[in-house]
Amino acid sequence: MEIGEFEAVLGRFTAAVEGEGGTALAALFSEDGIYHDVFYGPFQGRDAIARMMDELFYEHGERYRWEMREPVVTGDIGYAGWTFSFTSLLPDARGTRVVWEGMSRFRLRDGLIAHYGEVFDIAIALSQANFRPDRIARIAERHVSRLHDAYRGTPHLSGP
């Protein structure tokens, strides 16, 4: 995929999240595509991706804004840095504007997204949504556990 094509995918991706809805987002993915959200986990297939957007994102927030920047693409992998924000609908933070920065990796196939993943500091987002420190710590511990499971037996955890 060329950079112009990837920028067009990013534009459609952010427009879908910002309000076009789950069906529009899911249409950008391959039939077996995966959207791996840091908060909600992985969703595979267009129906699951559409439900994630409509039943989780839009139930927990509104007025989404997703600004992708500095996109890079090589072959079937694209990256972009971003700023993301929304107004919380969660009971403890209703009406609070939440903003954070991160990066996304897109694995692309035949002009569609085969896998979407993201990296950001989850504590920054959760603290703005008024999550208690002990709850943020429990969520962080789950993420650490997943990393340790993924890299158990590798030099990352066994040292040099």
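## Surface, core and salt bridges of a predicted model

Val72, Tyr79 and Met103 together make up a nonpolar surface patch whose combined accessible area is about 280 Å². The structure is a predicted model, and every value given here was computed from it. Within the patch, Met103 lies in strand 5 (residues 97-109). Its relative accessibility is 45%, and Met103 therefore counts as partly exposed, a class that lies between the 20% limit for buried and the 50% limit for exposed residues.

The interior presents another picture. The largest nonpolar core has 42 residues, and Phe13, Leu25 and Tyr35 are the members that touch the most others. Which residues does Tyr35 contact, leaving aside its neighbours within four places in sequence? The list includes the aromatic residues Phe13, Phe29, Phe43, Phe57, Trp66 and Tyr116. Leu25, Ile49 and Met52 are also in contact with Tyr35, as are Gly41, Pro42 and Glu118. Two of these partners, Phe13 and Leu25, are named with Tyr35 among the core members that touch the most others.

Charged side chains form a further theme. The model has seven salt bridges. The table lists three of them, with the distance between nitrogen and oxygen.

| Salt bridge | N to O distance |
|---|---|
| Arg46 and Glu31 | 2.5 Å |
| Asp134 and Arg132 | 3.2 Å |
| Asp134 and Arg138 | 3.3 Å |

In the pair with a distance of 2.5 Å, Arg46 and Glu31 are the partners. This salt bridge links distant parts of the chain, since Arg46 belongs to helix 3 (residues 46-60) and Glu31 to strand 1 (residues 29-37), 15 residues apart. The two partners fall into separate accessibility classes: Arg46, at 25% relative accessibility, is partly exposed, whereas Glu31, at 57%, is exposed.

The other two salt bridges in the table both involve Asp134. Asp134 and Arg138 are four residues apart in helix 5, so about one helical turn separates them. This fits a general rule: an α-helix has 3.6 residues a turn, so residues three or four places apart point the same way. Through shared partners, salt bridges join Arg132, Asp134 and Arg138 into one network. How accessible are the members of this network? Asp134 is partly exposed at 40%, Arg138 is partly exposed at 40%, and Arg132 is partly exposed at 46%.

Helix 5 covers residues 133-151, and its length can be checked. At 1.5 Å a residue, its 19 residues should span 27 Å, and the end C-alpha atoms are 27 Å apart, so the two values agree. The expected span is 1.5 Å times one less than the number of residues, which is why the count of 19 leads to 27 Å. Leu147 also lies in helix 5, and with 49% relative accessibility it counts as partly exposed. The C-alpha atoms of Leu147 and Leu157, ten residues apart along the chain, are 9.8 Å from each other. Just after the helix, Gly153 adopts a positive phi of about 80 degrees.

Positive phi values also occur at residues other than glycine. Most residues other than glycine have a negative phi. Arg63, although not a glycine, has a positive phi of about 55 degrees, and Glu70 has a positive phi near 50 degrees. Arg63 is found in strand 3 (residues 61-74), and Glu70 is found in strand 3 as well. Arg63 is exposed, with a relative accessible area of 57%, and Glu70 is exposed, with 67%.

How values were computed: Residues are numbered from 1 along each chain as its sequence is written. This is a predicted model: local features need pLDDT of at least 70, side-chain atom pairs count only at pLDDT 80 or more; totals for chains, interfaces and linings use all residues. Side-chain values use heavy atoms; hydrogens and water are left out. Helices (H or I, at least four residues) and strands (E, at least two) are DSSP runs, numbered from the N terminus. A nonpolar core is a set of buried Ala, Val, Leu, Ile, Met, Phe, Trp, Tyr and Cys residues joined through side-chain atoms within 4.5 Å. Buried means under 20% relative accessible area, exposed over 50%, partly exposed in between (1.4 Å probe, protein chains only). Contact means heavy atoms within 4.5 Å. Patches are made of residues with over 30% relative accessible area and no salt bridge: like charges are joined within 9 Å, nonpolar side chains (Val, Leu, Ile, Met, Phe, Trp, Tyr) within 5 Å. Accessible areas come from the Shrake-Rupley method with a 1.4 Å probe; for residues, only the protein chains shown count as cover. A salt bridge is a side-chain nitrogen of Lys or Arg within 4 Å of a carboxyl oxygen of Asp or Glu.
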